[in-house]
Amino acid sequence: MVTEGAANSGPTPNIDTLAALGVKFDRVRVQPNCSPTRSSLLTGTNVHRHGVGSALAVNAAGGADVLVGLDETTPNIARTFSNAGYRPVMFGKVHLESTEHEGLDGLLAYVSRLGFGTFAGLMGQTDNSYCNL
């Protein structure tokens, strides 16, 4: 299996085997920004079901702007695997959380409540520093 830009990367027998035995997603819908697409991948539902319709919707109706993220009680694949005895890991940018989960402790607690046992990645949407816990 050779992917675009990887023609000179050498043989990849393990990746080739995974690809041959894996599932091919050929009917996937994505959104024009990250949070709705990430929420859909995590929950297996479309935007109208999980409620994250933009990068993180701003709701100024109550006065101050409040970022509305993925509700941590929404069924998702991480919690499903966690409940089955696995320990899912999240790498990279979360960018699903609302402003009530500000700070490192809040972010780690939110990721844990989603069902992930470990998180290593960006604290914010544009941060350069990694949180590796």
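**Contacts, helices and side-chain pairs in the predicted model**

Leaving aside residues up to four places away in sequence, Thr-74 touches Thr-43 and Arg-79. This is a predicted model, and Thr-74 sits in its loop between β2 and α4. With a relative accessibility of 18%, Thr-74 counts as buried, because the cut-off for that label is under 20%. One of its partners, Thr-43, is itself among the buried residues of α2.

Before going further into the details, a word on the chain as a whole. Its mean pLDDT is 76, and 71% of the residues reach 70 or more. Residues 1-5 are a weak spot in that respect: the pLDDT there is below 50, and the stretch has 5 contacts in the model beyond near neighbours in sequence. The chain contains 5 helices and 5 strands, which come in the order α-α-α-β-β-α-β-α-β-β along the sequence. Of the 133 residues, 29% are buried. Taking the contacts with a separation of 6 or more, 47% link residues 24 or more positions apart.

Next up is helix α2. Here 7 of the 10 residues are buried, so α2 is largely enclosed by the rest of the structure. The buried set consists of Ser-35, Pro-36, Thr-37, Ser-39, Ser-40, Leu-42 and Thr-43. These residues pack against α3 (47-50), α4 and α5. Thr-37, a member of helix α2, has a relative accessibility of 17% and so counts as buried. Apart from residues up to four places away in sequence, Thr-37 touches Val-30 and Gln-31. Right after α2 comes Gly-44, with a positive phi near 75°.

Helix α5 can be described in similar terms. It has 12 residues and spans 17 Å from its first C-alpha to its last, close to the 16 Å expected at 1.5 Å a residue. Gly-106, Leu-107, Tyr-110, Val-111 and Leu-114 are the buried residues in α5. They sit on the same side of α5, because the arc they cover around the axis is only 130°. The cover over these buried residues includes α2 (34-43), α4, β3 (89-93) and β4 (118-122). The helix α2 thus turns up in the cover of α5, just as α5 turns up among the elements against which the buried residues of α2 pack. Just after α5, Gly-115 adopts a positive phi of about 120°.

Strand β4 is part of the cover over α5, and Gly-121 is found in this strand. The relative accessible area of Gly-121 is 0%, so this glycine is buried. In sequence Gly-121 and Val-94 are 27 residues apart, while in space their C-alpha atoms are 7.6 Å apart.

On to side-chain pairs, starting with charge. The count comes to 1 salt bridge. It joins the side chains of Glu-72 and Arg-113, with 2.6 Å from N to O. Glu-72 belongs to the loop between β2 (66-68) and α4 (77-83), whereas Arg-113 belongs to helix α5 (residues 103-114), so the pair ties together parts that are 41 residues apart in sequence. The two ends fall into separate exposure classes: Glu-72 has 19% relative accessibility and counts as buried, while Arg-113 has 37% and counts as partly exposed. The loop that carries Glu-72 is also where Thr-74 lies.

The aromatic side can be told just as briefly. A pair of aromatic rings is described by the distance of the centres and the angle of the planes. The structure holds 1 aromatic pair. In this pair Phe-81 and Tyr-86 are edge-to-face, at 5.5 Å centre to centre and 80° between the planes. The edge-to-face label applies because the cut-off is an angle over 60 degrees. As for exposure, Phe-81 has a relative accessible area of 40% and is partly exposed. Tyr-86, at 54% relative accessibility, counts as exposed.

Technical notes
Residues numbered from 1 in each chain as written. Heavy atoms only, no water. Phe/Tyr/Trp six-rings, centres within 6.5 Å; stacked < 30°, edge-to-face > 60°. Buried < 20%, exposed > 50% of the residue type's maximum accessible area, 1.4 Å probe, protein only. Salt bridge = Lys/Arg side-chain N within 4 Å of Asp/Glu carboxyl O. Helix = DSSP H or I, 4+ residues; strand = E, 2+ residues; numbered from the N terminus. Expected span 1.5 Å × (residues − 1). Arc of directions from axis to C-beta. Contact = heavy atoms within 4.5 Å. pLDDT = per-residue confidence, 0-100.
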